[in-house]
Amino acid sequence: MLGLQRETSSMYKRTSSREYSPMVDVEDSSGVLENEVNNEMETTNPSWKCSLPHVLVATISSFLFGYHLGVVNEPLESISSDLGFSGDTLAEGLVVSVCLGGAFIGSLFSGGVADGFGRRRAFQLCALPMILGAFVSGVSNSLAVMLLGRFLVGTGMGLGPPVAALYVTEVSPAFVRGTYGSFIQIATCLGLMAALFIGIPVHNITGWWRVCFWLSTIPAALLALGMFLCAESPQWLFKQGKIAEAEAEFERLLGGSHVKTAMAELYKLDLDKTDEPDVVSLSELLYGRHSRVVFIGSTLFALQQLSGINAVFYFSSTVFKSAGVPSDLGNIFVGVSNLLGSVIAMVLMDKVGRKLLLLWSFIGMAVAMALQVGATSSYLPHFSALCLSVGGTLAFVLTFALGAGPVPGLLLPEIFPSRIRAKAMAFCMSVHWVINFFVGLLFLRLLERLGPRLLYSMFSTFCLMAVMFVKRNVIETKGKTLQEIEISLLAKP
């Protein structure tokens with residue numbers, strides 16, 4: 001009997017999901033599956049405790065993302081002095097921004113890696129260049145070696161965020177998926193703040209900047225090792241034809257009583273898509289059946305960056321210095337505002353929904369930018385202008401963290417069909433990094449040419465454009481399973 005069970009289990013693992021479904025009468029089974037999908041799942045939701053440990057391990061990648069974004073801010077002066085390029089603004093800019101080039105490369109490959117190797121292996125592959133790059137940066141004795149280390153770290157940074165968004169979305173129960181998705185933004189904030197606090201002794205301890213890089217290898221190693229204990233995405237396993245393994249992972253994540261409903265929804269989707277090819281091409285993303293949701297995702301990420309969030313981060317130190325606030329304290333204020341907004345978003349995400357948070361977030365950002373524009377007026381007293389400038393900066397960061405920051409990374413894996421989800425996320429994240437790069441590259445030059453009033457007015461206009469775009473194009477996904485969302489989108493013309 002045991003031998004028969006093993007033989008049956010291995011047969012399931014060798015059979016693809018599309019080859020497996022015809023093993024039963026499709027006409028008879030489709031009616032059963034239809035009824036199972038349309039019925040209420042169960043009188044109670046799955047326990048959130050089952051999936052929480054897996055989500056927490058995955059968000060280590062977001063912590064690392066935030067940490068490496070901020071790790072060179074405080075130590076940059078010491079790094080440039082020790083490596084012999086002090087005063088060379090181009091070299092200093094490269095140390096900061098070379099990660100963006102690596103992140104762009106990493107994001108391009110993230111979809112193929114996540115689909116080809118699975119979500120867990122993708123996390124481990126993300127951790128490897130972060131460990132190696134941090135070590136190389138820490139032992140560097142020249143600018144070239146430092147840039148190599150930063151580029152390696154960047155590839156891991158580009159690979160991590162889309163995979164984290166995919167994984168958290170796919171392993172979370174529908175009723176807490178928004179809350180768990182907010183963990184990604186919170187972990188990023190904590191990484192930024194950790195980099196700030198760890199960098200404080202850099203001016204008093206010689207060579208401390210090397211320690212700042214080396215310390216990041218600890219959470220990266222924890223991510224790589226922790227993924228050995230985490231569940232694989234059931235959706236990915238189902239796509240690979242590993243039916244028994246998908247059921248086992250659903251049981252780990254949702255509990256045994258919810259496995260049948262979850263699997264029935266996957267089968268229903270699989271029956272609806274038997275005519276679609278397995279390989280997802282770029283032309284399909286741009287012009288195919290799902291091109292509209294890819295356009296919505298890409299535009300959301302573009303508007304997120306064109307809102308001016310990174311420009312505000314880059315310029316916040318100058319704003320606080322002009323108000324007589326030390327840059328260290330100003331950075332703490334910005335970090336606390338970011339964290340506070342992310343925590344509020346976590347609480348509200350599954351209560352008010354994604355769309356409403358996005359709308360009010362972009363409206364708040366437009367108002368905050370208007371305060372910044374008002375602060376440039378020559379008719380205001382100096383103290384009033386400083387208050388508007390500082391208040392506008394903190395309000396902008398807070399309202400960004402309420403919706404425009406966390407929602408796109410959560411919403412897009414929800415609305416992308418499972419077959420294109422990884423590749424579509426990779427494409428949208430590539431758009432994100434390209435816009436991010438050009439905003440960082442051109443911000444100071446545009447500030448000199450146009451002045452803060454016109455530039456901040458442009459950012460405010462982009463925020464208002466985002467409000468109109470969200471109102472017209474974004475659907476609400478709160479409380480729905482991924483399969484329910486996909487079925488509803490397939491039903492639309």
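1. Aspartate 350 and arginine 354 are both buried in this predicted model. The side chains of aspartate 350 and arginine 354 meet in a salt bridge, with a nitrogen-to-oxygen distance of 3.0 Å. This pair belongs to a structure that holds 8 salt bridges, and side chains of opposite charge can pair in this way when their charged atoms come close.

2. Another set of charged residues deserves a careful look, since salt bridges that share partners join Asp115, Arg119, Glu170, Lys239 and Arg421 into one network. Within this network, glutamate 170 forms a salt bridge with arginine 119, where the closest N and O atoms are 3.0 Å apart. Because glutamate 170 lies in helix α9 and arginine 119 in helix α8, the pair ties together parts of the chain that are 51 residues apart in sequence.

3. Glutamate 170 also has arginine 421 as a salt-bridge partner, at 2.9 Å from N to O. Here the pair links distant parts of the chain, with glutamate 170 in helix α9 and arginine 421 in helix α23, 251 residues apart.

4. Are the partners in these two salt bridges buried or exposed? Glutamate 170 has a relative accessibility of 4% and therefore counts as buried, arginine 119 is buried with a relative accessible area of 0%, and arginine 421 is buried as well.

5. Turning to the rings, the structure holds 8 aromatic pairs. One of them is formed by phenylalanine 123 and tyrosine 167, which meet edge-to-face at 5.5 Å centre to centre, with 90° between the planes. This pair links distant parts of the chain, since phenylalanine 123 sits in helix α8 (residues 119-139) and tyrosine 167 in helix α9 (residues 143-171), 44 residues apart. Phenylalanine 123 and tyrosine 167 are both buried.

6. A further aromatic pair is that of phenylalanine 295 and phenylalanine 469, whose ring centres are 6.0 Å apart and whose planes stand at 70°, so the pair is edge-to-face. Phenylalanine 295 lies in helix α17 and phenylalanine 469 in helix α23, so the pair ties together parts that are 174 residues apart in sequence. The two rings fall into separate accessibility classes: phenylalanine 295 is partly exposed, with a relative accessible area of 48%, whereas phenylalanine 469, at 12% relative accessibility, counts as buried.

7. Helix α17 (residues 291-306) can be checked for its length: at 1.5 Å a residue its 16 residues should span 22 Å, and the end C-alpha atoms are 22 Å apart, which agrees. How many residues of α17 are buried? The number is 12 of the 16, so the helix is largely enclosed by the rest of the structure. The buried residues of α17 include Val293, Ile296, Leu300, Phe301, Gln304 and Gln305. Just after α17, glycine 308 takes a positive phi of about 100°.

8. Histidine 432 offers another view of how α17 meets helix α23, the helix in which histidine 432 has its place. Leaving aside neighbours within four places in sequence, histidine 432 is in contact with Phe301, Gln304 and Gln305, and these three residues are among the buried residues of α17. Histidine 432 itself counts as buried, at 8% relative accessibility.

9. Which residues form the nonpolar patch on the surface? The patch is made of Val434, Phe437, Phe438, Leu441, Leu442, Leu446, Leu450, Leu454 and Met458, which together have about 720 Å² of accessible area. Leucine 450 may serve as an example of this group, for leucine 450 lies in helix α23 (residues 421-473) and is partly exposed, with a relative accessible area of 35%.

10. For the chain as a whole, the secondary structure comes to 24 helices and 0 strands, and 54% of the 493 residues count as buried. Among contacts between residues at least 6 apart in sequence, 84% join residues at least 24 apart. The accessible surface of the chain comes to about 21,300 Å², of which 66% belongs to carbon and sulfur atoms.

Notes. Residues numbered from 1 in each chain as written. Predicted model: local features only at pLDDT ≥ 70, side-chain atom pairs only at ≥ 80, totals over all residues. Heavy atoms only, no water. Patch = residues over 30% accessible without salt bridge, like charges linked within 9 Å, V, L, I, M, F, W, Y side chains within 5 Å. Areas by Shrake-Rupley, 256 points an atom, 1.4 Å probe, with all protein chains shown as cover. Salt bridge = Lys/Arg side-chain N within 4 Å of Asp/Glu carboxyl O. Helix = DSSP H or I, 4+ residues; strand = E, 2+ residues; numbered from the N terminus. Buried < 20%, exposed > 50% of the residue type's maximum accessible area, 1.4 Å probe, protein only. Expected span 1.5 Å × (residues − 1). Phe/Tyr/Trp six-rings, centres within 6.5 Å; stacked < 30°, edge-to-face > 60°. Contact = heavy atoms within 4.5 Å.
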